[in-house]
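Here is a walk through one structure, taking one residue, one domain pair and one chain pair in turn. Have the model open as you read.

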Amino acid sequence: MYRYDEFDERFVRERVAQFRGQVERRIDGSLSEDEFKPLRLKNGLYLQLHAYMLRIAVPYGTLNSRQLRQLAHIAETYDKGYGHFTTRQNLQFNWPKLKDVPDILGLLADVEMHCIQTSGNCIRNVTSDQFAGVAADEVEDPRPTAELIRQWSSLHPEFVWLPRKFKIAVTGASHDRAAIKVHDIGLKLKRDAAGAVGYEVIVGGGLGRTPMIGKVIREFLPKDELLAYLEAVMRVYNSEGRRDNKFKARVKILVHETGEEEFRARVEEEYARLDGPTINAPDEEVRRIAAYFAPPAYATLPETSAVLDAARAADPALDRFVAQNGFAHKQPGYIALTIALKEIGAVPGDMSAAQMRAFADLAETYSFDEFRVTHSQNLVLPHVRKDDVPAVFAALKAAGLASANAGLITDIIACPGLDYCALATAKSIPIAQAIAKTFADEKRQAAIGELPIKISGCINACGHHHVGAIGILGLEKGGRENYQITVGGDASEHAALGERLGPGIDAEDVPAAIEAIVETYLAEREGGESFIETVRRAGIEPFKAGFASFLDDRAPASEAAE
Amino acid sequence: MTLITEDGAAEDRFTRADTLEAALAAEGPVLVPLPVAADYLAKRPGAETGISVPGATSIDEIRPHLAAAALVAVEFPGFSDGRGFSLARKIRREGFAGTLRASGPLIADQFADALACGFTEVELPETMANRQPVQQWLAAKETMSVHYQTGYGTEPSILQQRLTARKGATR
């Protein structure tokens, strides 16, 4: 993975000192609260419902054991002993004190980490495929591109005061695990007819209160022109994006209101005027960064492991874990393992300091000292020898991290919701917990198969409910929490927004409603179809009908209860 | 109003005049809104003139006046409205070599970025200057000594410095 050089080191240290100075100038009155707010946000510091929240950047979701141990130390020293992995591959601490934040930033800098631009109206932490460098369907590893963008976007002199936040995702694979079509900019590494590597550039996707699928603005951008082209897109957006209404300020609205053709023309006009060769990273720099992401020193191994096969035959739990949480590695004899932070009844994405330390040891011993954070609030050990999987599984079990439910109905994404968030209109974590308990039976989960549920506690959609195969949106209606359910959302290369099944329902009815939707799926399913494949083929109507009859059945019971 | 350059507080030689009449009546160099500029320069050809433009203005509207302007003042309606930064870049790209002023309630924390985008000075409302005196601006400008982006400011970017260091090492 990438390591800081003297420049990166100095940059992050100076940024810590700069923020310390900004806190001091807020306290002495030089900065008003209104002026300080965006400065602290651009350093990841939010004021939440009960306390400050500090969001730490995990660039493209890659971490090492030393960093995780430091996060464990921070969790114990400055928080309540745990951290929370987010849907943008970051980590949040929910209870830091303002006065401690500069010290926490110093501890982060000690392990090459920071909170730069994890919030605020600027280019946010860049995200990528959690299986980068692992997946066989990759044109090229997306992480060097993501690191180049991390550097280029950090404290950019021109683009720190954008109309609204701006999120960039990169993938190098044909199967999109980075949700590039629902980002402000999505980049997909591809080859042109001559075999040269470049990017498909997608602009104007996003979720939030006006969900939209991004538009392809450039079919093929030569790889070495990336930064100049990004600058052109950002300059058009910074100049022309709406600033009169924060709900219409994202680039997706500009693309939508301007029209795809006209937006493309404006970007190309700007691109033609700027000085590309000066802006773009020199080839030496691109290669310098890429060298950090060279494959680790794999052993030469046979594709199959007799050790693992025997252990799986002897231990059904291990067998289920590997079948569900394993991901094919392009290197023979290796496997990537998803560690679902989704124990039944736990808070999605939460990890205790003890678990962090245990997991850090595993990454160090068994995965070339590296792991990934996924946008599903899970972790990945990217390079595990198949021979080592039984030992890894045993250690995960001891740490309470061996849930064999990656991608299943209990692997739920949920925003912090009303338990933490000042914007939330409804709870989301307790809904996730209730659904997980309903479907706790492992055989039942396995029979249902892949079914990503995503829950947001308000229309800002941090839980990405629009792109959940089942999406749940918590709202407030007449003083009660009310949940709208959508079906058919998809964040992959088949990107689609979910469609509402009917009127909203009460919190206590949500688990039974999900059961009803699952029953419809199991009745409609043909062959080995996954849930989303059935929805794509059969359409939304059977699900609407199933949901309507669920509501009819509920009605007499509710009246009797009143 | 307080005027701050990278060397510290400076005296404002320009007088703001919002109408043609006021501009013609003023002594010394004047700073006029963009719609007044053409008429003023027709009456006072060659006069040292400043043009004031809102940050939202299109470069196409400004371009015809740049050759005759000694100063362009980009007006920021609020410190968090970043349009002026992009407009500064576009004005410099047109070859404008005169004084480029950021005018409005900016904060000291933006000074380095303003200079990097091509501004030469900041014109602050007095209330702001009282809370954030010139020393804070000069100190804030120095907090970050390196930057990644090439083509901003006068110092070489981190990417350029790496390249130089590598060439030195292989020589």
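## Around T118(A)

Leaving aside neighbours within four places in sequence, T118(A) is in contact with K42(A), N43(A), G44(A), R55(A), I56(A), A57(A), N90(A) and R124(A). Keep in mind that this is a predicted model. The residue sits in the loop between α4 (101–110) and β6 (127–128) of chain A. Is T118(A) buried or exposed? T118(A) has a relative accessible area of 2%, so it counts as buried. Its side chain reaches the backbone oxygen of C115(A) at 3.1 Å. If you want a sense of how the chain folds back here, T118(A) and L91(A) are 27 residues apart in sequence, with their C-alpha atoms 9.9 Å apart in space.

## Where domains 1 and 2 of chain A meet

Now for the domains. The domain assignment splits chain A into domain 1 (6–110), domain 2 (134–291), domain 3 (307–398) and domain 4 (413–561). Take domain 1 and domain 2 of chain A: their C-alpha centres lie 26 Å apart. Domain 1 of chain A puts 11 residues into the contact, and domain 2 of chain A puts in 12.

About 930 Å² is buried between these two domains, 65% of it from carbon and sulfur atoms. Which three residues supply more than any others of the area that domain 1 of chain A buries against domain 2 of chain A? They are K42(A), Y60(A) and R88(A), which together supply 52% of that area. K42(A) is also one of the residues that T118(A) touches.

On the polar side, the count between domain 1 and domain 2 of chain A is one salt bridge. D8(A) forms a salt bridge with R150(A), with the closest N and O atoms 3.9 Å apart. Three residue pairs are in polar contact across this interface, both residues of each at pLDDT 80 or more. On the domain 1 side, the elements giving two or more residues are α1 (6–27) and α2 (33–41) of chain A, and α1(A) gives the most, with four. By class, that side divides into five nonpolar, two polar and four charged residues.

## Chain B against chain A

Next, the contact between the chains. It takes 40 residues from chain B and 46 residues from chain A. Between them, chain B and chain A bury about 3800 Å², 52% of it on carbon and sulfur atoms. The rule finds nine salt bridges across this interface, along with 26 residue pairs in polar contact, both at pLDDT 80 or more. On chain B, the elements giving two or more residues to the side that touches chain A are α3 (59–62), α4 (83–93), α5 (111–116), α6 (126–131) and α8 (158–170). That side of chain B has 15 nonpolar, 12 polar and 13 charged residues.

R235(A) is a good place to zoom in. It lies in helix α6 (residues 226–240) of chain A and is buried, with a relative accessible area of 2%. Not counting residues up to four places away in sequence, R235(A) touches chain A residues including E158(A) and F159(A), and chain B residues including R89(B) and Y152(B). E158(A) links to both arginines: its side chain and that of R235(A) are joined by a polar contact of 2.8 Å, while R89(B) forms a salt bridge with E158(A).

Here are the side-chain pairs with their distances.

| Pair | Kind | Distance |
|---|---|---|
| D8(A) and R150(A) | salt bridge | 3.9 Å |
| R89(B) and E158(A) | salt bridge | 3.6 Å |
| R235(A) and E158(A) | polar contact | 2.8 Å |

Terms used: Residues are numbered from 1 along each chain as its sequence is written. Chains are lettered from A and ligands numbered from 1 in the order in which they are written. This is a predicted model: local features need pLDDT of at least 70, side-chain atom pairs count only at pLDDT 80 or more; totals for chains, interfaces and linings use all residues. Side-chain values use heavy atoms; hydrogens and water are left out. Contact means heavy atoms within 4.5 Å. Buried area is the accessible area (1.4 Å probe) that two parts lose on being put together, summed over both. A salt bridge is a side-chain nitrogen of Lys or Arg within 4 Å of a carboxyl oxygen of Asp or Glu. A polar contact is a pair of N or O atoms within 3.5 Å; within protein, one must be able to donate a hydrogen and the other to accept it, and residues adjacent in sequence count only if both atoms are side-chain atoms. Ala, Val, Leu, Ile, Met, Phe, Trp, Tyr, Cys and Pro count as nonpolar, Asp, Glu, Lys and Arg as charged, and the others, Gly among them, as polar. Buried means under 20% relative accessible area, exposed over 50%, partly exposed in between (1.4 Å probe, protein chains only). Domain bounds come from an automatic or database domain assignment.
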